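This report looks first at a chain as a whole and then at one of its pockets. Please keep the sequence and the 3D structure in view while you read.

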Amino acid sequence: MPGTPPTRFVFLGPEGTFAEQALRSIPAAERGTRTPARSVGEALDSVRAGDADAALVPLENSIGGAVGVTLDEMAEGEPLVITREVVLSVEFVLAARPDTPLTSIRTVAAHPQASTQCRGWLRDHLPDAVVVDVLSNGAAAAGAGTGEFDAAICAPIGASRHRLTTLADKIADHPDAVTRFALVSRPGPPPPPTGDDLTSLAVYIAHDRVGALLSVLMELAVRGVNLTRIESRPTGEALGRYVFFLDCAGHVADVRLGEALQGLRRVCADVRFLGSYPRHRWAEAGERQVPAPAGLSDVDYADAAAWLTRLRTGELT
């Protein structure tokens, strides 16, 4: 869909989850259609098949780490690219039907990751309640809404969707927890560089070559490209065979990162480009870009390229 704004969105369902909440923070998605998918694979395949323009899927959580199924699905099948990231605060609430007092709660529906992240609050406030595992935060809210469970640990959007009353908010043991989501589309020209971008890659190294991973890292380091994340996943071919997922500061249009990509293409068994896109910005965040080492900034590269051009044309000054 190069040049055409997306209007048909799919997200990891069901409705009433953090994924839907993250998707609705994107203005185009709020105006377009939003369809829940039963799995990450189903969401991405709907984009590959042309049934949706873009899919929002989880990439990583600050507590639980990378979402392996998303990485695996991105590394396999027809190529897809990330066009945007959304970082969402994971603020769990305890919700129940109206007029349900906290003292009457005996069963709490929760996704296992949710109950794990709220273990301390449950111990302190509902020590005698039975926590029942369900498939998603949305399913937990739905179960509380029908009366199957006394209460649910869910996202705020799930509580409002099922007309539940919030008995307690921000009940997670780690109040600063966030989940990072990726908006994924079919291949096309990446969004233009903003000066604060990320580029994601899936890199396959030669398993029988000593120092193969080091050579990958050196292609980035010698050009001053900051590696913000590296994650390994088994390829499924054999024990010891891995694909490495990299997030690098910069855009494919940048000179330094472009040269690094060419270097990776030379030294790796395969490189899959997963997209260049704007870094999520937190209004209150104090994070700053890591500056390039001396001699490795974009200005330094431009100056060196201009100097080489002069040498090749006979200008020695």
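What share of the contacts in the chain with a separation of 6 or more is accounted for by residues 24 or more positions apart? In this predicted model, such residues account for 77% of those contacts, where a contact means heavy atoms within 4.5 Å.

The chain holds 11 helices and 15 strands, and 42% of its 317 residues count as buried, that is, they have under 20% relative accessible area. Some values for the whole chain are set out below.

| Property of the chain | Value |
|---|---|
| Box filled by the C-alpha atoms, along the principal axes | roughly 85 × 40 × 40 Å |
| Accessible surface | about 16,100 Å² |
| Part of the accessible surface belonging to carbon and sulfur atoms | 54% |

We now turn to one pocket. The second largest pocket has a volume of about 730 Å³, and of the 31 residues that line this pocket, Leu12, Pro58, His111, Gln113 and Asn137 are the closest to its centre. Two or more residues of the lining come from each of the elements α1 (18-23), β3 (54-61), β4 (65-66), α5 (112-117) and β11 (178-185), so that helices and strands are both named when the lining is described by its elements. Which element gives the most to this lining? It is α5, which contributes four residues to the second largest pocket. When the residues of the lining are sorted by their character, 14 are nonpolar, 14 are polar and three are charged.

Note on methods
Residues are numbered from 1 along each chain as its sequence is written. This is a predicted model: local features need pLDDT of at least 70, side-chain atom pairs count only at pLDDT 80 or more; totals for chains, interfaces and linings use all residues. Side-chain values use heavy atoms; hydrogens and water are left out. On a 1 Å grid over the protein atoms alone, a cavity is a set of points where a 1.4 Å probe fits but cannot get out, and a pocket is an open set with protein on both sides within 12 Å along at least five of seven lines; lining residues have an atom within 4 Å of a point. Grid points are joined across faces, edges and corners, and a volume is the space filled by probe spheres set on the points. Ala, Val, Leu, Ile, Met, Phe, Trp, Tyr, Cys and Pro count as nonpolar, Asp, Glu, Lys and Arg as charged, and the others, Gly among them, as polar. Buried means under 20% relative accessible area, exposed over 50%, partly exposed in between (1.4 Å probe, protein chains only). Accessible areas come from the Shrake-Rupley method with a 1.4 Å probe; for residues, only the protein chains shown count as cover.
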